[in-house]
Amino acid sequence: RAFSDAPASGVLGHEHLLQGLTEADDMRPVTMVQDKQSAKRVLDILESLGPGHMHACDTEVANIDVKKVGPVGNGNVTCLSIYSGPDVDFGNGPYVWVDNLDSADGTLEYFRGFLESKTHKKVWHNYSFDRHVLFNPSTRINVQGLGGDTMHMARLWNTARFQKGGYSLEALSADLMERRKKPMKELFGVPKLKKVWSVLQHKLQDTTWHLQTSADGVVSRYTM
């Protein structure tokens, strides 16, 4: 994920959570997986970490409008991201980005064993959504090995955040890690122009498919 340098408001005393945390950049870029060979290299490292090691995972999904429909039977997973800690080097740094679109369609299948493993512990944000979209007909991956769900852990921590702050990664990272995660619209949003070509304050977010296939280096900007 990407973080901003804006000062956080809220809970203090969690500086230790930031130790070793960096953003993907030119010096620490993303390890991209688009074929069997690159998938095997990453999977060998994941296996070497052994059972019980926590892996942060996330998906991006196309062909779904979450305001209108749920994830069951809707949407296709276009990519998977994995982060196993700042000290794990997958060959190009600690951030893994598994492409599953266009010429790389089907690459996610190589990670079926890892995702369905009960011993490889995986941490998600809103696990039920990711589990459903991965089990949709296009992939049929039955995710197991739940290590944690940051959204539901936050609900256990504070059941009143729905009134103030919310349970998004943006809000939680700002309050608990003192560094706010930048939302997709802020990272990739395109300013909307008036007819007189003046820029409006809000931005339009393009589709996940376009973000992943555009030629402006989306992968280098998409970070864990």
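A salt bridge here is a side-chain nitrogen of Lys or Arg within 4 Å of a carboxyl oxygen of Asp or Glu. By that criterion the structure, a predicted model, holds four salt bridges.

**Figure 1. Overview of the protein chain in the predicted model.** The protein chain contains eight helices and eight strands. Of its 224 residues, 41% are buried. Among contacts with a separation of 6 or more, 63% are between residues 24 or more positions apart. The exposed surface of the chain comes to about 12500 Å², and 55% of that is supplied by carbon and sulfur atoms.

**Figure 2. Confidence along the protein chain, including both low-scoring stretches.** The mean pLDDT is 81, with 70% of the residues at 70 or more. Helix 2 (residues 112-116) has the highest confidence, at 98, and helix 8 (residues 218-221) has the lowest, at a mean of 42. Over residues 217-224 the pLDDT is below 50, and the model gives this stretch 28 contacts beyond near neighbours in sequence. Residues 1-11 also stay under 50 in pLDDT. For residues 1-11 the model has 36 contacts beyond four places in sequence.

**Figure 3. Salt bridge between Lys40 and Asp44.** The closest N and O atoms of this pair are 2.9 Å apart. Helix 1 (residues 36-48) carries both residues, which sit four residues apart, about one turn of the helix. Asp44 counts as partly exposed because its relative accessibility is 41%, and the partly exposed class lies between 20% and 50%.

**Figure 4. Salt bridge between Arg112 and Glu116 in helix 2.** The N to O distance between the two side chains is 3.0 Å. Arg112 and Glu116 are four residues apart in helix 2, so about one helical turn separates them. Glu116 has 27% relative accessibility and therefore counts as partly exposed.

**Figure 5. Salt bridge between Arg161 and Asp175.** The closest N and O atoms lie 2.8 Å apart. This pair links distant parts of the chain, 14 residues apart: Asp175 belongs to helix 5 (residues 169-176), while Arg161 is in the loop between helix 4 (150-157) and helix 5. Arg161 and Asp175 are both buried.

**Figure 6. Salt-bridge network of Glu109, Arg112 and Glu116.** Salt bridges with shared partners join these three residues into one network. The Arg112 and Glu116 bridge has an N to O distance of 3.0 Å. In general, side chains of opposite charge can pair when their charged atoms come close.

Conventions. Residues are numbered from 1 along each chain as its sequence is written. This is a predicted model: local features need pLDDT of at least 70, side-chain atom pairs count only at pLDDT 80 or more; totals for chains, interfaces and linings use all residues. Side-chain values use heavy atoms; hydrogens and water are left out. Helices (H or I, at least four residues) and strands (E, at least two) are DSSP runs, numbered from the N terminus. Buried means under 20% relative accessible area, exposed over 50%, partly exposed in between (1.4 Å probe, protein chains only). Contact means heavy atoms within 4.5 Å. Accessible areas come from the Shrake-Rupley method with a 1.4 Å probe; for residues, only the protein chains shown count as cover. pLDDT is the predictor's confidence in each residue, from 0 to 100.
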